[in-house]
Amino acid sequence: MMFDITGKRSMFLIISEIIILIGIIALVVFGLKPGIEFSSGSILTINFEQEVVQSELQEELANLGYDNAIIQRTGTGDFFIRTQELTSDEKIALEEAMGARFGPLTEREFNSVSSMVAAETVHNAIIAVAVAAVGILLYITWAFRRMPKPFHYGICAIIALVHDVVLVTGIFAVLGAIMGWEINLMFITGVLAVIGYSINNTVVVFDRIRENLRRGVHPDFEMVVNSSLVETLSRSLNTSLTTLFVVLALLLFVGASIQNFALVMLIGIIVGTYSSLFVAPTLLIVWEKGEWGRLVFLPRAKTEEA
Amino acid sequence: MVRRNTIVFFILLAIFAFAVCAIIYPMFGREELRLGLDLQGGIHMVYQADFSDLEPGTEADAIEGAMAVIERRINVLGVTEPLIQKQGSDRILVELPGVGEAEKAKNIIGETALLEFREQKVDEEGNLTWVPATATIDGKEKVLTSGYFKENTYVGQGNLSQILLYFEWNEEGGEISGEVTGRLIGQPLGIFLSGEPLLGDDGQPIAPIVNSKITDRGIIEGLSLKEATELSQLLNAGRIPVPLNPIYEQTISPILGADFIDMSLMAGLIGIILVMLFMIVYYRLPGALASLALIFYGAVVLAIFKLIPVTLTLAGIGGFVLSIGMAVDANVLIFERMKEEFATGRTLGAAIEAGFNRAWTAIRDSNVTTAIVCVILIWLGSSIVESAPVTGFAVTLLIGVLVSMFSAIVVTRTLLRLFVGTRLAKRTSLFSAHREKK
């Protein structure tokens, strides 16, 4: 039995275009909520001995002059208070004031980032993502150097990557708008891990195309790509599954500070598997055949196939 | 061939046994896995030096002096394995693992602390205690501190090559000193930092005996070279060679860290069990062998973490757990290839060898791309202040990728070869492999 994956390439590409479009719209409309690592500020995590109502805490913070404080309750009953950057003295004063109103408290965690550090972090994180993309492009071009048009492979792999990254960040923009999720360094780490992971899948498919082209299994490039896809399908799905298992375990059991990372990975693995199976290889065919119309016209493409 | 494989098998077994021992028992002076601040609690501070008031060319000395004074001050706290590091040319990183009293520690590190001179007094209960040495100047009581030094102190040698520490008071310091030392001739003068005595090489408080009244310049005798040098640095730095402003702070209570360790252990365990179950159900015997290789992988990676040592952060454990899922990837590639080769009519032994050989380029290329990302993340980690999570993740994932290639290829192949030629290998259902039906 032989699946015809590449024949439906118009459909897959249109789906991806819609996904990317939604992701970009979400990014433009909501934007990403930067955590203190990128925007500076302080996060104080405290635990009260007595039961404290969140609205009262918010009110008390406003009284103390922290109108913009963001309060979240963690799963373990701790309060997570985000403010502008606090000095040591300001923090002590804040804790004393809260203690006076709500009773004894313990500080679980305190994290403070100055604006200088935040600006550096944003700058370097952007460079890291860009360098990763270029590094991978160069490596893939090199690995496929004996093929005709090695650059095509690199570019198609990078497009699949951008696809994954846009979708992941788009989902985080929505999560930020609805649930107040912020992106932090673990998010960037997750995005880079997704880049590595998604490219990994793409490379396996491309590797099989390389081999099948060399063996000359079929004169038609499209058929070569299709059989390569089918042959590597169970491997791609199985590896994604085993990785999904461990990521789910991380998400369910550790959560907390690596929640961002685990969720990025979860989405990234699913989208990355999709893009490495249905986006990167089909784009390769589209480029090879110069059928750019397939990227825009779904109905016409369909009649073509029929 | 068979004999060589058996030898390799026993070498692998020896590596595994060594790794397990390295994890359980102290080895090369390492007692346990080194945990990051987020897992054991502690303080992570980064200070930015403000050079604006400094003479050009003295910045490096000022930073070194500041680091020396911070180190000395931290020793008073009795922290095990503190880390004081210069970052770039103008920043100092201070990491204090396991410290619960963040505020006290920060005050001690902070720039305001001065060395204070104290004299011995007998209190009401008859105990000898140290109280600040004060003098009354213009009707005001003033404490003698290192803030009154005029120039930097320095260490020299006397005629009898004894070690001497030279110091000089400024005008006000000279007046206070004159009164204090005049009163205390023949008595010790203790040197205190943030209420704690400075300790010498012998663990006793450093307390030079006053020989004569000192109004401008003087010497301290009787110190070892090390003591004198350190004290001199401390006294000089006590004059605040450069203001330090905190630009990044993270303090985590030790209790919170303990929760994370349990949770991440749980996640790792469940993850590894799910992966093994899947591999065994889907690939049968090869899957079971891959699971053994996975155990080998886990033990070797943990042993490497402990022996290098790699500081394990929460993100680092995330990287490790992730690498478990990815570690079987090479095996999946190989087994799928084996099935294909077997289906085309090769013998099992030939299919295994072909599976390994043909899967190699895909394994290499996919792991190289992951390694590229890891290296970039390590660079990112080294270039930013809040580096711990990023570096922790990248280092563990990189180690994981490298070891997994070895375990998936060498370990699984060796185990599989042991089975080829045995009766078990005749039962192809164990390999979930089928001949192509034509």
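Here is a walk through one helix pair inside chain A and then the contact between chains A and B, all in a predicted model.

Let's start inside chain A. Helix α1 covers residues 9-30 and helix α6 covers residues 150-179; their axes come within 8 Å and cross at roughly 40°. Angles under 35 degrees would count as roughly parallel, and this pair doesn't qualify: α1(A) and α6(A) are therefore oblique to each other. If you look at the handedness, the crossing of these two helices is left-handed.

Which residues do the touching? On the α1(A) side you'll find, among them, A:Ser16, A:Ile20, A:Gly23, A:Leu27 and A:Phe30, while α6(A) brings residues including A:His163, A:Val166, A:Gly170, A:Ala173 and A:Ala177. Sort the contact between α1(A) and α6(A) by class and you get twelve nonpolar and six polar residues, with no charged ones.

Now step out to where the two chains meet. Chain B puts 56 residues into the contact and chain A puts in 57. On the chain B side, the elements that each supply at least two residues include α4 (102-109), β13 (244-252), α7 (254-307) and α10 (348-383). Of these, α10(B) gives the largest share, with 14 residues. Charged residues do turn up here: the side of chain B that touches chain A has nine of them, along with 35 nonpolar and twelve polar residues.

The strands get involved too. Strand β4 of chain A, residues 105-113, is joined to β13(B) by five bridges, and the two run antiparallel. To find your bearings in that pairing, look for A:Phe110, whose bridge partner in β13(B) is B:Thr251.

Methods. Residues numbered from 1 in each chain as written. Chains lettered and ligands numbered in written order. Predicted model: local features only at pLDDT ≥ 70, side-chain atom pairs only at ≥ 80, totals over all residues. Axes fitted to C-alpha atoms, helices over the stretch in contact; angles between N-to-C directions. Helix = DSSP H or I, 4+ residues; strand = E, 2+ residues; numbered from the N terminus. Parallel < 35°, antiparallel > 145°, perpendicular 65-115°, else oblique. Left-handed = near helix turned anticlockwise from the far one by under 90°. Contact = placed C-beta atoms within 7 Å. Nonpolar A, V, L, I, M, F, W, Y, C, P; charged D, E, K, R; others polar. Pairing = 2+ DSSP bridges.
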